[in-house]
Amino acid sequence: DLKLMGWKFKGAADYNVAEEYEVNDMNGVLGQKGFVDYLLFGDNGLPLAVIEAKKTAYDPRKGKKQAQLYADCVQRKFGRRPFIFYTNGFETYFWDDTAMPERAVSSVFSKQDLEKLINRRTAAVDPGTIEINQEISGRGYQMEAIRAVCDGLRQKSRRHLLVMATGTGKTRTAASLTDVMSKAGQVTNILFLADRRALVKQARDAFKDHLPQMSLCNLCENKQDYNASIVCSTYPTILGAIDDTKSKDGSLLYPPAHFDMIIIDEAHRSIFKKYKVIFDYFDAVLVGLTATPKTEVDKNTYEFFESEDNVPTFAYEYDTAVAEGFLVPYSNY
């Protein structure tokens, strides 16, 4: 798994994985030695993460405390707190104990993504302090939706559901949120998902208009620009890209932590069944956009976004939009 993520072991000229790495003063006991199963290093020679590997028969969470003690030793030696992984090969947990609770992830992250995350510790700011570009989303409810997501992030929530009536500017709101998160240093790579190619093209064109400074890729039409800041795709196309590898070193095209934020258009439709694996694979902040969330037992939009039924992160309903003059009422014919 580590090799698939591009990590290099002893024997390679530029290896960055140390196995059974010896550390001292375990648990604060002078002279007590310990051995980190895997210690991952960045290009500057400083550690990025410790990995505690348990046998497959054990719950990997049994290694949580031990991994934290290893991180303490590594921090004392190098002066930087490493990230923590503990795994049994099937289940893997990631923990940045300086900022977030631990969470299940699909795999250990790539070097590039861990360096991105470690730099973000000092470079990122609270997105709630960033001024919203009102040329993109100047309506009061759009700005309120963005602030609601920022408030959720401050409370360590990683899943957000925006329920907004059709025609009230969900894509504009998403583009403006991307702008805020990018300026705050919280996101580098964004994935926009839609369930039809026409919607993907429409979203890509809208993002180009609103965020001309950011690189864009419609993955359905051009896989050469896969490293663009904003990647727009259908579900089947990104599902295929998860299994793709780069030609040079055989590592994955999109490792699990590549995307920092995934925006899901029409989030009531395609997040269930076979496409759910996309969200199990990527470790990203999720933002769902819909006008019609579902509450069926097997297709509950609120449950997917870790919200109570009928309590999304933000809601701007049709009746309110009509009453405030942003939509005109329909009439049946």
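The overall form of the protein is described here, followed by its surface and its nonpolar interior.

In this predicted model, the secondary structure of the protein consists of nine helices and 13 strands. The radius of gyration is 22 Å, close to the 20 Å that the globule rule gives for 333 residues, so the protein is as compact as a globular protein of that length. Measured out along the principal axes, the span of the C-alpha trace is about 80 × 40 × 40 Å. Among the contacts with a separation of 6 or more, 61% are accounted for by residues that stand 24 or more positions apart in the chain.

Of the 333 residues in the protein, 50% are buried. The area that the protein exposes comes to about 16,300 Å², and 48% of this area is supplied by carbon and sulfur atoms. As for charge, there are 42 positive and 45 negative side chains, and the centres of these two sets lie 3 Å apart.

The largest nonpolar core contains 50 residues, of which L114, I238, I262, F279 and F282 touch the most other members. Helix α6, which covers residues 235–242, gives the most to this core, contributing four residues. When neighbours within four places in sequence are left aside, F279 is in contact with R159, L193, Y235, I262, I264, I271, L286 and F304. Apart from this core lies another, made up of 43 residues, among them I130, V180, A184 and V285.

Note on methods. Residues are numbered from 1 along each chain as its sequence is written. This is a predicted model: local features need pLDDT of at least 70, side-chain atom pairs count only at pLDDT 80 or more; totals for chains, interfaces and linings use all residues. Side-chain values use heavy atoms; hydrogens and water are left out. Helices (H or I, at least four residues) and strands (E, at least two) are DSSP runs, numbered from the N terminus. The radius of gyration is taken over C-alpha atoms; the globule rule is 2.2 Å times the number of residues to the power 0.38. Buried means under 20% relative accessible area, exposed over 50%, partly exposed in between (1.4 Å probe, protein chains only). Contact means heavy atoms within 4.5 Å. Accessible areas come from the Shrake-Rupley method with a 1.4 Å probe; for residues, only the protein chains shown count as cover. Lys and Arg count as positive and Asp and Glu as negative; His and the chain ends are not counted. The place of a charge is taken as NZ of Lys, CZ of Arg, CG of Asp or CD of Glu. A nonpolar core is a set of buried Ala, Val, Leu, Ile, Met, Phe, Trp, Tyr and Cys residues joined through side-chain atoms within 4.5 Å.
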